[in-house]
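Welcome! Please take a moment to look over the sequence and the 3D view before reading on.

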Amino acid sequence: GNPELPTAVNITWSSINFKTILQWQPKPSGYFYTVEIHGQTSDTKKKCILTTETECDVTDVLRNVKETYTAHVLSVMSSGMDNFEEPPFAVSEKFTPYSQTVLGKPEIENYTQKDSKLNIAFQDPLTPYTFPNGSFQSIRDIFQDDLEYKLYYWKDQSSGKKDATTKSNKFEVSIDSTKNYCFYIQGIIPSRRENRNGQESMVLCTSVGRNILDEYGAEVFIIIAVIAIAVITLAIVLSVILCKRKKAKAAREKEPLNGV
């Protein structure tokens with residue numbers, strides 16, 4: 001090999017919903033990188049051969065998601081792959097997709113607030129892996145009973161949160177029918193020691209029976225009331241001033257007649 005070639009540093013795995021990118025440094029100059037993925041029980045697979053990039057999408061060679069992998073990032077000359085000697089390389093930390101990929105954001109399909117019930121329906125995030133018919137597998141297809149979802153919900157304009165858990169794609173929770181609620185959802189893998197909680201969905205709020213007080217709060221009404229009182233007071237003061245001026249003017253107009 002060529003021991004003078006720099007080897008990769010800061011090798012990291014980035015994985016969301018099983019789409020996995022390997023990243024490293026530095027940018028090569030006068031040489032290339034080739035990535036080898038080594039599994040505990042699977043054959044070594046090469047990816048991103050002779051690349052000048054510092055990242056590599058290795059998703060398709062990690063299909064056995066419960067396998068534990070390491071990546072070798074080889075530093076090679078353009079003709080280096082033809083030599084029998086092993087080029088210099090750096091080794092990544094171990095990576096097991098099943099226990100380390102991050103759960104992405106659930107997509108909320110619809111939600112309704114009726115009487116004292118809040119109903120929410122949502123979809124599982126999809127993975128890059130497909131079934132034989134070409135349709136994409138969801139994270140539920142892979143995690144199955146290991147996957148559950150947690151709902152966090154609270155009264156609009158309030159900071160006190162409640163939560164509920166489900167293994168399905170629906171929530172139904174009891175609420176105060178006179179209030180609007182905000183909420184978000186995230187996937188959870190309870191069996192994990194790390195990366196248990198997935199990314200949070202967007203926060204949504206119901207608007208059933210929402211009035212102006214719910215929307216803007218009491219502070220705005222206080223401000224409006226103060227302004228209204230000020231306007232009314234000003235109008236009264238102006239009316240009094242104008243009235244006095246009219247009386248004074250009328251009195252002045254009568255004075256010459258009295259003198260005659």
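The report below starts with the whole protein and then visits some of its parts.

## The protein as a whole

What you see is a predicted model. The protein contains 4 helices and 17 strands. There are 260 residues, and 36% of them are buried.

How do the contacts spread along the chain? If we take contacts between residues at least 6 apart in sequence, 60% of them join residues at least 24 apart. On the outside, the protein exposes about 16100 Å², and carbon and sulfur atoms supply 53% of that area.

## The largest nonpolar core

In soluble globular proteins, nonpolar side chains tend to be buried together. Here, the largest nonpolar core has 44 residues. The members that touch the most other members are Trp13, Leu22, Trp24, Ile37, Val58 and Leu62. Both domain 1 (9-91) and domain 2 (107-212) give residues to this core, so it lies between them.

## A sheet of four strands

One good place to explore is an open sheet of 4 strands. The strand order is E4-E3-E6-E7, and the pairing is antiparallel. Which strands stand at the edges? They are E4 (45-51) and E7 (89-91). Each has a single partner strand, so one side of each is left without a neighbour in the sheet. On average, and with direction ignored, neighbouring strands of this sheet are turned by 15 degrees against each other.

Within the sheet, strand E3 covers residues 32-39. Of its 8 residues, 6 are buried, so E3 is largely enclosed by the rest of the structure. A hairpin joins E3 to E4 through 5 residues, and these two strands pair in the antiparallel sense over 4 bridges. E3 also pairs with strand E6 (residues 69-76), again in the antiparallel sense, over 8 bridges.

Some residue pairs help to trace these links. Tyr33 has a bridge partner in E4, Thr51, and a bridge partner in E6, Ser75. Ile37, which is listed above among the core members that touch the most others, stands opposite Lys45 in E4.

## Around Glu53 and Pro26

Follow the chain on from E4 and you come to Glu53, in the loop between E4 and strand E5 (55-57). Is Glu53 buried, exposed or partly exposed? Its relative accessible area is 42%, so Glu53 counts as partly exposed, since that value falls between the cut-offs of 20% and 50%. Leaving out residues up to four places away in sequence, Glu53 touches Trp24, Lys27 and Tyr33. The C-alpha atoms of Glu53 and Thr34 are 9.8 Å apart in space, with their places 19 residues apart in sequence counted as the separation.

Pro26 sits in the loop between strand E2 (19-25) and E3. The peptide bond from Gln25 to Pro26 is cis, with omega near 0 degrees.

## Positive phi angles

Where can positive phi values be found? One is at Asn10, which has a phi of about 55 degrees although it is not a glycine. Asn10 lies in strand E1 (residues 9-16). Asp115, also a residue other than glycine, has a positive phi near 55 degrees. Asp115 is found in the loop between strand E8 (107-114) and strand E9 (117-123), and it is exposed, with a relative accessible area of 58%.

A glycine joins the list in the hairpin of E10 and E11. This hairpin has 5 residues between its strands, and Gly134 takes a positive phi near 95 degrees there. Strand E10 (residues 126-130) and strand E11 (residues 136-138) pair in the antiparallel sense over 2 bridges, with Leu126 standing opposite Ser138 in E11.

## A buried loop residue

The last stop is Ile189, in the loop between strand E15 (181-188) and strand E16 (197-200). Ile189 is buried, with a relative accessible area of 0%.

Which residues is Ile189 in contact with, apart from its neighbours within four places in sequence? They are Leu103, Phe143, Asp146, Leu147 and Arg196. Ser99 is 90 residues away from Ile189 along the chain, and the C-alpha atoms of the two are separated by 8.7 Å.

Conventions
Residues are numbered from 1 along each chain as its sequence is written. This is a predicted model: local features need pLDDT of at least 70, side-chain atom pairs count only at pLDDT 80 or more; totals for chains, interfaces and linings use all residues. Side-chain values use heavy atoms; hydrogens and water are left out. Buried means under 20% relative accessible area, exposed over 50%, partly exposed in between (1.4 Å probe, protein chains only). Contact means heavy atoms within 4.5 Å. Accessible areas come from the Shrake-Rupley method with a 1.4 Å probe; for residues, only the protein chains shown count as cover. A nonpolar core is a set of buried Ala, Val, Leu, Ile, Met, Phe, Trp, Tyr and Cys residues joined through side-chain atoms within 4.5 Å. Domain bounds come from an automatic or database domain assignment. Two strands pair if DSSP finds at least two bridges between them. Axes are lines fitted to C-alpha atoms, for helices over the stretch in contact, and angles run from 0 to 180 degrees between N-to-C directions.
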